[in-house]
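Welcome! Here is a short briefing to help you find your way around a structure that may be new to you. Take a look at it first, and then read on.

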Amino acid sequence: MSEYYNVKDIFGENVFNDAVMQERLPKKVYKKMREIIENGAELDPATADVVAHEMKEWAIEKGATHFTHWFQPLTGVTAEKHDSFITAPMSNGKVLMSFSGKELIKGEPDASSFPSGGLRATFEARGYTAWDCTSPAFVRQDAAGATLCIPTAFCSYTGEALDQKTPLMRSMEAVNEQSLRLLRLFGNTTSKHVTPSVGPEQEYFIVDREKYLQRKDLIFTGRTLFGAMPPKGQEMDDHYFGAIRERIAAYMRDVNKELWKLGVSAKTQHNEVAPAQHELAPIYAECNIAVDHNHLIMETLKKVAGRHGLQCLLHEKPFAGVNGSGKHNNWSLTTDDGINLLDPGVTPHQNVQFLLVLVCILKAVDEHADLLRASAADVGNDHRLGANEAPPAILSVFLGEQLGDVVSQLIRTGIATRSIKGEMLETGVKTLPDFRKDATDRNRTSPFAFTGNKFEFRMAGSQASVAPSNVVLNTIVAEAFCEACDVLEKAEDFNEAVHDLIKQYAVDHQRIIFNGDGYSDEWVEEAKRRGLPNIKSMVDAIPAYTTEKSVSAFEKFNVFTKTELESRAEIEYETYAKTINIEAKAMIDIAGKQIIPAVIKYTTSLAGSINSVKAACDAADISVQSELLTEVSSLLSQAKAALKELVRVEAEGSAMEEGREQAVYYHDVVKAVMDDLRAPVDKLEMMVDKDMWPMPSYGDLIFEV
């Protein structure tokens, strides 16, 4: 029987949250900390020392021996350096355990060893981690023992952001300030803060670890570089929301328990569309906390899998031919007193504040579609976006029937006089309950869809941080709010001015609205006619960061400097080239050392069987064996030629200077030759004796868990 526990008893037990602070800190210090968290007041050394002491005592009670500043450099994963609480041995042979306010608020990792895009030279090593007191510290318990983890930002010695969190928090301040300006125009004098609320849904694959360890491509790259589809894939749609298998259910149970202890509100779990694919979704949290929690979710998914003899794959496309994994970033704006700026209310056509917020977001997405697309760009996502399984690479906004009709009225006449109501659901079964449907359907093909009281940005990749997407969303919406407020604050007649502005934005940016099938070829043509960008690859997306309009928006709200943006673009190019280079080298290694020798062994065996038949019976019909040998030999020759070409182009790419030119070469040349090598190898897998094939097949991986 599995262990029983009450979720309420364990939730947040390893988090130095508000309840713990209120219990352990002196009242004066607790009040000071609340002021700092809520209003951004300065943290003085005396307060920091008291908090650090109590945090250390609490962590030691949890079994912690070390602490670490937990941060998010531009590597795609989190980073940490552990220090013990031990300071110096005492004269009596005992040891002193201490943790100062200075150690709490500041750390000094080596900045030159993290990606900086040229911001820091190799000899310029100093960088700082700074405590983000708005995201609670936590104790992580694993095979290493217990460690106090302190969420931090990471900046260079000269102040540039070297991480995901610093620009995220800057963007949160920007959208807060501009949202409050907008609220004040509508007479709201009570709300003090507006915070982006985020809920990232996390998709992932689970495979057997023993089989995973037999696939060098999965080990080195996170995806299968070779692999033929099994007879059954996802055609029957039977895995989606299907009954969760016991081995996976046991794994999910342990994942939930770990996350709940860390205060992560894991809410929903289910089987996804592809075999071996699953999803975990938390309850919404403040933007920077949601980003931290998503990193904890990814780390926990991978860590717990090992305990169950499983392997978690977070790559966007680990298996060709079946659905890939994304991350749906649900985003809204909420005040400290509980007002959701994206709540349309019962009659959205009469909700002027909501309509202004809505058209400002339309304006933001339309004007910065390329930037929003770039925020979701990573190498793995190139295999997924626009592949009839995920949002297309074209940015559009789905509003649904109700809001679409309201906006259409505004465009036609400048006035909206009605809102479509949801009808009663008619099932035709008397014993089923009657209830009112939503006023609009859902659209799973839209990359940016309004879903009741939030927008769902569905482009983000499953293994990537959602910080870049939220940085862009917060900043471009702040810009749109700012421009609207600049107009309305000068207006003599506010009511007339706000209605005129709502109509103007609706008319000017109507091209971004699309409620149809985002997977269709017709939409690609229609989007082109509308002038919407169709950015198909990461390499093509990166330049959006350094356009004049992007630099202007980011610098206006102090989210990024031009130098920081240029450095991030440089890192993106380097990341792309390095990733494809690793994949190419892995293909060369696997094809040369495993696949081609296995095929040669098979052809030798096949030729031997033909000779045996000839010797036994001169008149025997050996046409089938001969035909098979000829076909296999032809494919083997194609694979050998493609392998030779891949060795050549990989060497040429490796010799190039890092930057855009190298990244383009890897995209246009190296990747194409990789596809040329994979094609004959996947055909060979379907012909060679399974006992001779050197690695588990797709069927072994995705159905035998």
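The points below go through salt bridges, a buried acid, two helices and a surface patch.

Please keep in mind that this is a predicted model. A search of the whole structure finds 32 salt bridges, and a few of them make a good starting point. As background, side chains of opposite charge can pair when their charged atoms come close.

**Salt bridges**

- Asp 370 and Lys 549 form a salt bridge in which the closest N and O atoms are 2.8 Å apart. This pair links distant parts of the chain, as Asp 370 sits in helix H12 (residues 369–375) and Lys 549 in helix H18 (residues 548–556), 179 residues apart.
- The two partners differ in cover: Asp 370 has 15% relative accessibility and so counts as buried, whereas Lys 549 is partly exposed because its relative accessible area is 35%.
- Lys 593 pairs with Asp 589 in another salt bridge, with 3.0 Å between the closest N and O atoms. Both residues belong to helix H19, and because they are four residues apart there, about one helical turn separates them.
- Within that pair, Lys 593 is exposed, with a relative accessible area of 64%, while Asp 589 is partly exposed at 27%.
- A network also turns up: Asp 18, Arg 34 and Glu 38 are joined into one by salt bridges that share partners.
- Asp 238 and Lys 232 bring their side chains together in a salt bridge of 3.1 Å, N to O. Asp 238 is partly exposed at 46% relative accessibility, and Lys 232 is partly exposed too, with a relative accessible area of 30%.

**A buried acid without a salt bridge**

- Where is Glu 316 found? Look in the loop between strand E13 (310–313) and strand E14 (327–335).
- Glu 316 is buried but has no salt bridge. The nearest side chain of opposite charge belongs to Arg 384, 6.6 Å away; a salt bridge needs the nitrogen within 4 Å of a carboxyl oxygen, so this pair does not qualify.
- Glu 316 does have polar partners: its side chain reaches the backbone nitrogen of Ser 462 at 3.0 Å, and a polar contact of 2.7 Å joins it to the side chain of Gln 463.

**Helix H6 and what follows**

- Helix H6 covers residues 165–185, which makes 21 residues. At 1.5 Å a residue the helix should span 30 Å, and its end C-alpha atoms are 31 Å apart, so the two values agree.
- How many residues of H6 are buried? The count is 15 of its 21 residues, so to speak a mostly covered helix.
- Just after H6 comes Gly 187, which takes a positive phi of about 90°.

**A buried lysine in helix H11**

- Lys 363 has its place in helix H11 (residues 352–367). Its relative accessibility is 5%, so Lys 363 counts as buried.
- Along the chain, Lys 363 and Ile 512 are 149 residues apart, yet their C-alpha atoms are separated by 8.5 Å.

**A nonpolar patch on the surface**

- Leu 213, Ile 219, Phe 220 and Ile 582 make a nonpolar surface patch of about 360 Å².
- One of these residues, Ile 582, lies in helix H19 (residues 562–616). Ile 582 is partly exposed, with a relative accessible area of 44%.

Methods: Residues are numbered from 1 along each chain as its sequence is written. This is a predicted model: local features need pLDDT of at least 70, side-chain atom pairs count only at pLDDT 80 or more; totals for chains, interfaces and linings use all residues. Side-chain values use heavy atoms; hydrogens and water are left out. Patches are made of residues with over 30% relative accessible area and no salt bridge: like charges are joined within 9 Å, nonpolar side chains (Val, Leu, Ile, Met, Phe, Trp, Tyr) within 5 Å. Accessible areas come from the Shrake-Rupley method with a 1.4 Å probe; for residues, only the protein chains shown count as cover. Helices (H or I, at least four residues) and strands (E, at least two) are DSSP runs, numbered from the N terminus. Buried means under 20% relative accessible area, exposed over 50%, partly exposed in between (1.4 Å probe, protein chains only). The expected span of a helix is 1.5 Å times one less than its number of residues. Lys and Arg count as positive and Asp and Glu as negative; His and the chain ends are not counted. A polar contact is a pair of N or O atoms within 3.5 Å; within protein, one must be able to donate a hydrogen and the other to accept it, and residues adjacent in sequence count only if both atoms are side-chain atoms.
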